[in-house]
Every structure is written in structure tokens, then in C-alpha cells.
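Visitor: Could we go through this structure together, starting with how the side chains pack?
Guide: Gladly; let us bring it up first.

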Amino acid sequence: MAKNVVAILILFSFAASLYYSLNGAMRPEALLVYNKANLSRSAIQLLSLLLGVGGVLLLLPQTFRLGGALLIVHSVTTIGCFLATRDWIGGALEFVFLQVPVFMVAVGYPSGVPERVRGQLC
């Protein structure tokens, strides 16, 4: 059961990471929390790249833990920005979202999922 939940979370995290990564890379001025925390444009773009790479790395079993670690680093940095701007509600909400990659890394990669997908494709 937990492996199926992780598989769904991987797909959700991958899609959300790519969406927010592309949004942050193309329009870093739109990410208000980072601008209020006085992060430079290039730092915001680098953080967005980190988010996108982490989302892609989640898809591969060999790089799953590294991808999860990158998502955790991104969330902790974002929480720091919320706290620096004294946005406690935003920080609390991001803390809730931080639990998703922590749970995924704790449970591990759903090893049965790739075999099921291969079985359906063949």
C-alpha cells in the first residue's frame, strides 16, 4: 500500500517540480517569497533548476534518494525564506509540503511499479 502511495507521490512531485521549476526559471520576479527574502535573480533561477532536477531524478530508481534530497533542500530553503520575511503561515504550509519528499525517501522507491509498467507495455 505504501509503495502505491509513493508511486502516486512521485508522479505528483515530478509534475509539480517541473511546473514550478519552469515558472521560476522563466519568471523569477514572480516568486515573491524569494524576492522579499532578497535572493538575487540568478539565485532564484538556480533554486528553480535544483527543484526541476530533483523532480526528474525521482523517476529513476538509481537517483531516487538524490532527487528526494534535492526536493528536501529546496523546501528547507523556501521555509527559510518564509521565516526571513516573517510569513509564518507560508512557512507552516511549506513545512507540510516538506513531509512529501521526506515520506517518499523514508519509504523508498516503489520497486514493483516498473515491473508492472513493463508487463503492461509488452
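**Contacts, rings and a pocket**

Visitor: What does Val6 touch, not counting residues up to four places away in sequence?
Guide: This is a predicted model, and in it Val6 touches Phe64, Phe103, Met104, Val107, Gly108 and Pro110, once residues up to four places away in sequence are set aside.

Visitor: And which residues make up the largest nonpolar core?
Guide: That core has 8 residues, namely Val6, Leu9, Ile10, Leu51, Leu58, Phe64, Leu71 and Met104, so Val6 and two of its contacts, Phe64 and Met104, belong to it.

Visitor: Which helix gives the most to it?
Guide: Helix α1 gives the most, with 3 residues, while α1 and α4 each supply at least two residues of this core.

Visitor: What about a second core, which residues does it include?
Guide: There is a second, separate core of 7 residues, and among them are Leu31, Val33, Ile44 and Leu47.

Visitor: Switching to rings, how many aromatic pairs are there?
Guide: The count comes to 2 aromatic pairs. One of them joins Tyr19 and Tyr20, whose ring centres are 5.0 Å apart with 80° between the planes, and this pair is edge-to-face.

Visitor: Are those two buried or exposed?
Guide: Tyr19 has 51% relative accessibility and therefore counts as exposed, since the cut-off for that is over 50%, whereas Tyr20, at 47%, counts as partly exposed.

Visitor: Why is the pair of Phe64 and Tyr109 edge-to-face?
Guide: The ring centres of Phe64 and Tyr109 lie 5.3 Å apart and their planes stand at 75°, which is over the 60 degrees required, so the pair is edge-to-face.

Visitor: Where do those two lie?
Guide: Phe64 lies in helix α4 (residues 64-84) and Tyr109 in the loop between α5 (88-107) and α6 (112-121), so the pair ties together parts that are 45 residues apart in sequence. Phe64 itself, with 2% relative accessibility, counts as buried.

Visitor: New topic: how much space lies in the largest pocket?
Guide: The largest pocket holds about 660 Å³ of space, and of the 23 residues that line it, the closest to its centre are Tyr20, Leu51, His74, Glu94 and Phe97.

Visitor: Which helices supply the lining?
Guide: Helices α1 (2-26), α2 (32-36), α3 (41-57), α4 and α5 each supply at least two residues of the lining, with the largest share, 6 residues, coming from α5.

Visitor: How do the lining residues divide?
Guide: The lining residues divide into 15 nonpolar, 7 polar and 1 charged.

Terms used
Residues numbered from 1 in each chain as written. Predicted model: local features only at pLDDT ≥ 70, side-chain atom pairs only at ≥ 80, totals over all residues. Heavy atoms only, no water. Phe/Tyr/Trp six-rings, centres within 6.5 Å; stacked < 30°, edge-to-face > 60°. Buried < 20%, exposed > 50% of the residue type's maximum accessible area, 1.4 Å probe, protein only. Helix = DSSP H or I, 4+ residues; strand = E, 2+ residues; numbered from the N terminus. 1 Å grid on protein atoms, 1.4 Å probe; cavity = no way out; pocket = protein on both sides within 12 Å on 5 of 7 lines; lining within 4 Å. Points joined across faces, edges and corners; volume = space filled by probe spheres on them. Nonpolar A, V, L, I, M, F, W, Y, C, P; charged D, E, K, R; others polar. Core = buried A, V, L, I, M, F, W, Y, C linked by side-chain atoms within 4.5 Å. Contact = heavy atoms within 4.5 Å.
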